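Please open the model in your viewer and keep the sequence panel beside it, since each stop on this tour begins with a selection. The route goes from strands to a covalent link, then to rings, a loop and a pocket.

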Amino acid sequence: QVQLVESGGGLVQAGGSLRLSCAASGRTFSTYHAAWFRQAPGREREFVARISTGGVRTTYADSVKGRFTISRDNAKNTVYLQMNSLKPEDTAVYYCAATDRGLSYYTIATTSDYNYWGQGTQVTVSS
């Protein structure tokens, strides 16, 4: 079992930056693949980025590639999402997720692949 708590959201102008953090409880978090998803009003939750257990492999949605960076510090049980060059269309509630289902890193791209979720943090980008 692991509990996830996001922080770092807020209001920022277009072109600005934010860094989201996801703090995890539990001593085995380093064995979980982790990801960030987001959900804008009236839209389905969508994949943003994911990172493998050791942090070596990362994958991004095309819409954030080159602007966002996912990373993790397993010694601190924390996953990060550095968001640069933010756009109004990045406005959403951002959720941290993790999975211990033993699925291949290369297949875990949808919400159903993750069994642990944080409560979400709001990111609002003004134009």
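Two strands are said to pair here if DSSP finds at least two bridges between them, and that usage is needed for the first stop. Bear in mind throughout that what is on screen is a predicted model.

**Strand S4 and its partners**

Begin by selecting strand S4, residues 33-39, and show its surroundings: six of its seven residues are buried, so the strand is largely enclosed by the rest of the structure. Add strand S5, residues 46-51, and you will find it running antiparallel to S4, with five bridges joining the two. To see one of these contacts, pick Ala35, whose bridge partner in S5 is Arg50. Then follow the chain through the hairpin of S4 and S5, where six residues lie between the strands, and stop at Gly42, which takes a positive phi near 75°.

Now bring in S9, which pairs with S4 in the antiparallel sense over seven bridges. A convenient residue to select on this side is His33, for which Thr99 is the bridge partner in S9.

**The disulfide**

Stay with S9 and display the cysteine sulfurs. Which two residues does the disulfide join? Cys22 and Cys96 are the pair, with a distance of 2.1 Å from S to S, and a search of the whole structure finds one disulfide. Cys22 lies in strand S3 (residues 18-24) and Cys96 in strand S9 (residues 92-99), so the link ties together parts that are 74 residues apart in sequence. If you set up a dihedral about the S-S bond, the value is -80°, and the link of Cys22 and Cys96 is left-handed. Colouring by accessibility shows Cys22 as buried, at 0% relative accessibility, and Cys96 likewise counts as buried at 0%.

**Aromatic rings**

Next, select the aromatic side chains, among which a search of the whole structure finds seven aromatic pairs. One of them is formed by Phe37 and Phe47, an edge-to-face arrangement with 5.8 Å from centre to centre and 75° between the planes. This pair links distant parts of the chain, since Phe37 belongs to strand S4 and Phe47 to strand S5, ten residues apart. Both Phe37 and Phe47 are buried.

For a second example, move to Tyr105 and Tyr106, whose ring centres are 5.4 Å apart; the planes stand at 85°, so this pair is edge-to-face, the term being used for angles over 60 degrees. Are these two tyrosines buried or exposed? Tyr105 is buried, with a relative accessible area of 3%, whereas Tyr106 is exposed, with 57%. Returning to Phe37 and Phe47, extend the selection to Tyr114 and Trp117, because ring pairs link these four residues into a cluster.

**A loop residue**

Select Val64, in the loop between strand S6 (58-60) and strand S7 (68-73). Val64 counts as buried, at 0% relative accessibility. Adding Leu86 gives a C-alpha to C-alpha distance of 9.2 Å from Val64, across a sequence separation of 22 residues.

**The largest pocket**

Finish at the largest pocket, which holds about 160 Å³ of space. Its lining residues include Arg38, Arg43, Glu44, Ser63, Arg67, Lys87 and Asp90. Taken as a whole, the lining divides into two nonpolar, two polar and eight charged residues.

Note on methods: Residues are numbered from 1 along each chain as its sequence is written. This is a predicted model: local features need pLDDT of at least 70, side-chain atom pairs count only at pLDDT 80 or more; totals for chains, interfaces and linings use all residues. Side-chain values use heavy atoms; hydrogens and water are left out. On a 1 Å grid over the protein atoms alone, a cavity is a set of points where a 1.4 Å probe fits but cannot get out, and a pocket is an open set with protein on both sides within 12 Å along at least five of seven lines; lining residues have an atom within 4 Å of a point. Grid points are joined across faces, edges and corners, and a volume is the space filled by probe spheres set on the points. Ala, Val, Leu, Ile, Met, Phe, Trp, Tyr, Cys and Pro count as nonpolar, Asp, Glu, Lys and Arg as charged, and the others, Gly among them, as polar. A disulfide is a pair of cysteine sulfur atoms within 2.5 Å. Helices (H or I, at least four residues) and strands (E, at least two) are DSSP runs, numbered from the N terminus. Buried means under 20% relative accessible area, exposed over 50%, partly exposed in between (1.4 Å probe, protein chains only). Rings of Phe, Tyr and Trp (its six-membered ring) pair if their centres lie within 6.5 Å; planes under 30 degrees apart count as stacked, over 60 as edge-to-face and the rest as tilted.
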